[in-house]
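Work through the exercises below with the structure open beside you. Try each task before reading its solution.

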Amino acid sequence: MAQFQAVKGARDIFPEEIVKWHYIEGVIRSVTALYGFSEIRTPVFEYTELFQRGIGSTTDIVGKEMFSFLPDPQGRSITLRPEMTAGVMRACLQKNLLSSAPVHKLYYISELFRKERPQAGRQRQFSQFGAELLGVSSPAAVAEVLTIMMHVFETLGLHGLRLRINTLGDIEDRERYREALRSYFLPYAGDLDDSSKERLEKNPLRILDSKNPALKEMISGAPRLYDYLKAEAVADFEKVLSFLSDRGIAYDIDHLLVRGLDYYCHAAFEVTSSELGAQDAIGGGGRYDGLAREFGSPVDLPAAGFAVGMERLLITMEKQGLFAAINPHGPLVYVVLQQQDLADHGMQIAFRLRKAGLRTEIDLAGRSMKAQMREANRVRAGYALFVGQSEFESGQYTLKNLMTSEQTSLTLEAVVEILREPSQREMLKP
Ligand code: HAM
């Protein structure tokens, strides 16, 4: 019988990779805390209409990428969440959060599901971290979330990212522009590819997003949304740009950037990494002032947010060698048994070190000393603690720093004290 495999587009994460996730998650939690954001967790599924309403029924996500099903024959269709923004907004409206405070700052690290054709950097189950700032409609809000995203990238040491930004104006601006685009593309309808023909009918803005090189010239001649904006929308966008310049955040204005979700208005942005190949978007976001009303809110709840693909972040960091220096768990002690008849004593020592808060490993398989040392190197232990007959009798153990090969004879209490010193941690093996 053939062995089972993971479902196509889904992948397992083993311990050697999970330490990288924990490291990134730690950075996300500490950076978002600097800006006063707290974590939110929402259900993995929502009613399908939520996404149809929120993301837009003419988008690729809703049109062809959702995993939807009926929970029971009479039930309402539910969908595995393809993104977080709609669910976060739903949760806040449901809890009537606005009545408790005017502004809410939330972040998440969550699993999402999209029925896309799997390829490098594109999965059917993937993760995003993101932040949503609810209750403020202003250039400051969108600049704030964008700054958080860039702050995380910078803390992680990423380089060579490109931030593209555009403004989509308000609903009226966009409606006028949509008509202008339709009139522009209509005479070329015969030259459009199938997906652009479909977009011409339903959502002509999305044609601008086409990756088809044959359409490049036609698209570059299309009217620009910027020319259809009201003066306030232009001023609003310029204010966002000046916030970014003040903070030293480099950007390119891209008048063709429309994003694949319909809820955006005013500033929208995307960050790409040249490390990623075809699926080069590492994150994106923008303002979505109209979403709450779309979900039936009787009052306005303006908002801005972003999301970053965790897997793409990991690929980029891997290519830039940014994991080399991580030892997220602090010192690791390997208790090396010099004689197997001291195994019980060794385990007792390991237990005491662990109770004292030190990460400790010991061989449970009765292997030779040489094999134990090999294992200590494999798990990247910072220290070996030798347990032999004389140590057993004297209570003084030999502690070897595996990076410098320095050895000292110490009581267990002294071992604990030294390895808990932060300055000692710096001496650890990478
Ligand atoms: P999005 O652009 O659809 O935006 O997704 C954000 C990021 O998620 C992408 O840039 C990419 O890195 C990652 N991503 C998307 N699809 C996949 C996939 N199939 N496999 C791997 N990674 C993927 C949103 O989802 C919006 N909710 C962002 C937002 C938050 N806007 C306002 N607030």
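The expected span of a helix is 1.5 Å times one less than its number of residues. The model used here is predicted.

**Exercise 1. Check the length of helix α12, then find its buried side.**

Step 1. Helix α12 covers residues 343–355, which makes 13 residues. At 1.5 Å a residue, the helix should span 18 Å.

Step 2. The end C-alpha atoms of α12 are 18 Å apart, which agrees with the expected span.

Step 3. Buried means under 20% relative accessible area, and exposed means over 50%. By this rule A343, G346, I349, A350 and L353 are buried in α12.

Step 4. Look down the axis of α12: the buried residues fall within an arc of 120 degrees, so they line one face of the helix.

Step 5. On the other side of α12, D344 and K355 are exposed.

**Exercise 2. Repeat the analysis for helix α1.**

Step 1. Helix α1 runs over residues 15–34 and has 20 residues. Its expected span at 1.5 Å a residue is 28 Å.

Step 2. Between the end C-alpha atoms of α1 the distance is 29 Å, in agreement with that span.

Step 3. List the buried residues of α1: E17, K20, W21, I24, E25, V27, I28, V31 and T32.

Step 4. Seen down the axis, these buried residues of α1 fall within an arc of 160 degrees, so they line one face of the helix.

Step 5. Turn to the face of α1 that points away from the buried side. The exposed residues P15, E16 and L34 are found there.

**Exercise 3. Is helix α11 largely enclosed or largely open?**

Step 1. Helix α11 spans residues 310–319, ten residues, and seven of them are buried.

Step 2. The buried residues of α11 are M310, E311, R312, L313, L314, T316 and M317.

Step 3. With seven of ten residues buried, α11 is largely enclosed by the rest of the structure.

Step 4. Take one residue as a check. L314 is found in α11, and its relative accessibility of 7% means that L314 counts as buried.

Step 5. Now compare positions along the chain and in space. L314 and E17 are 297 residues apart along the chain, yet their C-alpha atoms are separated by 9.5 Å. E17 is one of the buried residues of α1.

Step 6. After α11 comes G321, which has a positive phi, near 65 degrees.

**Exercise 4. Where do N96 and S405 lie, and what is the sign of phi at N96 and at S405?**

Step 1. N96 is placed in the loop between α4 (85–94) and β5 (104–113).

Step 2. Although N96 is not a glycine, its phi is positive, about 55 degrees.

Step 3. The relative accessible area of N96 is 46%, so N96 is partly exposed.

Step 4. S405 is in the loop between β15 (397–401) and β16 (407–410).

Step 5. S405 is not a glycine either, and it has a positive phi of about 65 degrees.

Step 6. At 46% relative accessibility, S405 counts as partly exposed.

Step 7. For contrast, look at Y397, found in strand β15. Y397 has 5% relative accessibility and therefore counts as buried.

Step 8. Y397 and L80 are 317 residues apart along the chain, and their C-alpha atoms are separated by 55 Å.

**Exercise 5. Describe the surroundings of the ligand, beginning with the residues that come nearest.**

Step 1. There are 26 residues around the ligand, and E83, E116, Q123, E132 and Y264 come nearest.

Step 2. Sort the shell by class. It has ten nonpolar, nine polar and seven charged residues.

Step 3. Look for polar atoms beside nitrogen atoms of the ligand. A polar side-chain atom of T85 lies 2.9 Å from one. For Q123, a backbone N or O atom is 2.8 Å from a ligand nitrogen. For E132, an N or O atom of the side chain is 2.8 Å from a ligand nitrogen.

Step 4. Taken alone the ligand exposes 660 Å², and the protein buries 96% of that.

Step 5. The elements that give two or more residues to the shell are β6 (125–134), β10 (281–287) and β11 (303–309). The largest share, five residues, comes from β10.

**Exercise 6. How many helices and strands does the chain have?**

Step 1. The count comes to 16 helices and 16 strands.

Step 2. The chain has 430 residues, and 50% of them count as buried.

Step 3. Along the principal axes, the C-alpha atoms fill a box of roughly 90 × 60 × 45 Å.

Technical notes. Residues numbered from 1 in each chain as written. Predicted model: local features only at pLDDT ≥ 70, side-chain atom pairs only at ≥ 80, totals over all residues. Heavy atoms only, no water. Near = heavy atom within 4 Å. Polar contact = N/O pair within 3.5 Å; in protein donor to acceptor, adjacent residues only side chain to side chain. Areas by Shrake-Rupley, 256 points an atom, 1.4 Å probe, with all protein chains shown as cover. Helix = DSSP H or I, 4+ residues; strand = E, 2+ residues; numbered from the N terminus. Nonpolar A, V, L, I, M, F, W, Y, C, P; charged D, E, K, R; others polar. Buried < 20%, exposed > 50% of the residue type's maximum accessible area, 1.4 Å probe, protein only. Arc of directions from axis to C-beta.
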